[in-house]
Amino acid sequence: MDIKINYSSKDPIYLQIKNQIRDAILDDKLDIDKPLPSIRLLAKELRVSVITTKRAYDELEKDGLINSVPGKGNFIKSQDPQMVKEKLMVKIEDHIREVIKLCKLGDISKEEILALVDVLEESDD
C-alpha cells in the first residue's frame with residue numbers, strides 16, 4: 001500500500017492514513033477480497049505508532065468502509081453505490097463551502113468559477 005505521510009501537514013498522521021486508504025477504496029484501487037496490511041505491519045512500514053494505525057483503521061470501520069475480523073485482519077467492505085455517492089456528495093459540499101469562502105475573499109463571481117470548472121474538466125479528458 002502506497003501511503004505518503006506529510007509530517008508538515010496540519011492533518012494528524014492517523015487522518016492522513018485514513019484519508020488515503022478511504023480514497024483508494026472509493027477509487028476501487030484496493031481489492032475487496034484481500035486483507036489490508038495488519039495494524040502492526042502498516043505501522044512498521046510507515047514508521048509510526050501502532051496506536052496511530054489502529055486509530056486510522058477504527059475510523060475507517062466507523063465510516064463503514066472496512067470490517068475488522070478478530071484474528072483474521074481488516075477487510076474492505078463491499079460498497080453500496082448509493083452510499084458511496086452520498087459520502088462523496090458530503091465531501092464535495094465541504095470543498096464547495098471552502099471555494100465559496102475564497103470567492104468572497106477574492107470578489108470572484110460564480111460565472112468565473114463555473115468557467116474555471118469547465119476549463120479544468122476539459123483538461124482532465
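Asp107 sits in the loop between α4 and α5, and in this predicted model its phi is near 50°, a positive value in a residue other than glycine. Such a value deserves a second look, because most residues other than glycine have a negative phi. Asp107 is also exposed, with a relative accessible area of 70%. A second residue of this kind is Arg47, whose phi is near 60°, again a positive value in a residue that is not glycine. Arg47 belongs to the loop between α2, which spans 39–46, and α3, and with a relative accessible area of 75% it counts as exposed, because that value lies over the 50% cut-off.

From the loop that holds Arg47 the path leads on to helix α3, which covers residues 50–62. Lys54 is placed in this helix and forms a salt bridge with Asp58, with 3.1 Å between the closest N and O atoms. The spacing along the chain fits this pairing, because Asp58 and Lys54 are 4 residues apart in helix α3 and thus separated by about one helical turn. Neither partner is buried: Lys54 is partly exposed, at a relative accessible area of 40%, and Asp58 is likewise partly exposed, at 35%. Salt bridges that share partners also join Lys18, Glu59, Lys62 and Asp63 into one network. For a sense of distance across the model, Lys54 and Asp94 are 40 residues apart in sequence, and their C-alpha atoms are 26 Å apart in space.

The search of the whole structure finds 9 salt bridges, and two further pairs show how the surroundings of such contacts can vary. Lys4 is paired with Asp2, the closest N and O atoms being 2.7 Å apart; here Lys4 is exposed, with a relative accessible area of 55%, and Asp2 is exposed as well, at 59%. In the salt bridge between Asp23 and Arg22, the closest N and O atoms are 3.0 Å apart. Asp23 is partly exposed at 28% relative accessibility, whereas Arg22 counts as buried because its relative accessible area of 18% is under the 20% cut-off.

Several of these residues fall within a stretch that carries a database label. In an unreviewed UniProt entry, residues 11–79 are annotated as "domain: HTH gntR-type". Over residues 11–79 the chain of the model is 51% helix and 12% strand, and the C-alpha atoms at the two ends of this stretch are 26 Å apart.

Beyond the annotated stretch comes helix α4, residues 81–106, in which Ile96 is found. Ile96 is one of the members of a nonpolar patch on the surface, formed together with Leu88, Met89, Ile92 and Ile100, and the patch has about 410 Å² of accessible area in total. Ile96 can belong to this patch because its relative accessibility of 45%, which makes it partly exposed, is over the 30% that patch residues need.

A patch of another character is formed by Asp118, Glu121, Glu122 and Asp124, which together make up a negative area on the surface. Asp124 lies in the segment after α5, a helix that runs over 110–123. With a relative accessible area of 66%, Asp124 is exposed, and none of the patch members takes part in a salt bridge, because patches are made of residues without one.

Note on methods:
Residues are numbered from 1 along each chain as its sequence is written. This is a predicted model: local features need pLDDT of at least 70, side-chain atom pairs count only at pLDDT 80 or more; totals for chains, interfaces and linings use all residues. Side-chain values use heavy atoms; hydrogens and water are left out. UniProt positions are given in the numbering used here, feature names are shortened, and annotations may be inferred rather than shown by experiment. Patches are made of residues with over 30% relative accessible area and no salt bridge: like charges are joined within 9 Å, nonpolar side chains (Val, Leu, Ile, Met, Phe, Trp, Tyr) within 5 Å. Accessible areas come from the Shrake-Rupley method with a 1.4 Å probe; for residues, only the protein chains shown count as cover. A salt bridge is a side-chain nitrogen of Lys or Arg within 4 Å of a carboxyl oxygen of Asp or Glu. Lys and Arg count as positive and Asp and Glu as negative; His and the chain ends are not counted. The place of a charge is taken as NZ of Lys, CZ of Arg, CG of Asp or CD of Glu. Buried means under 20% relative accessible area, exposed over 50%, partly exposed in between (1.4 Å probe, protein chains only).
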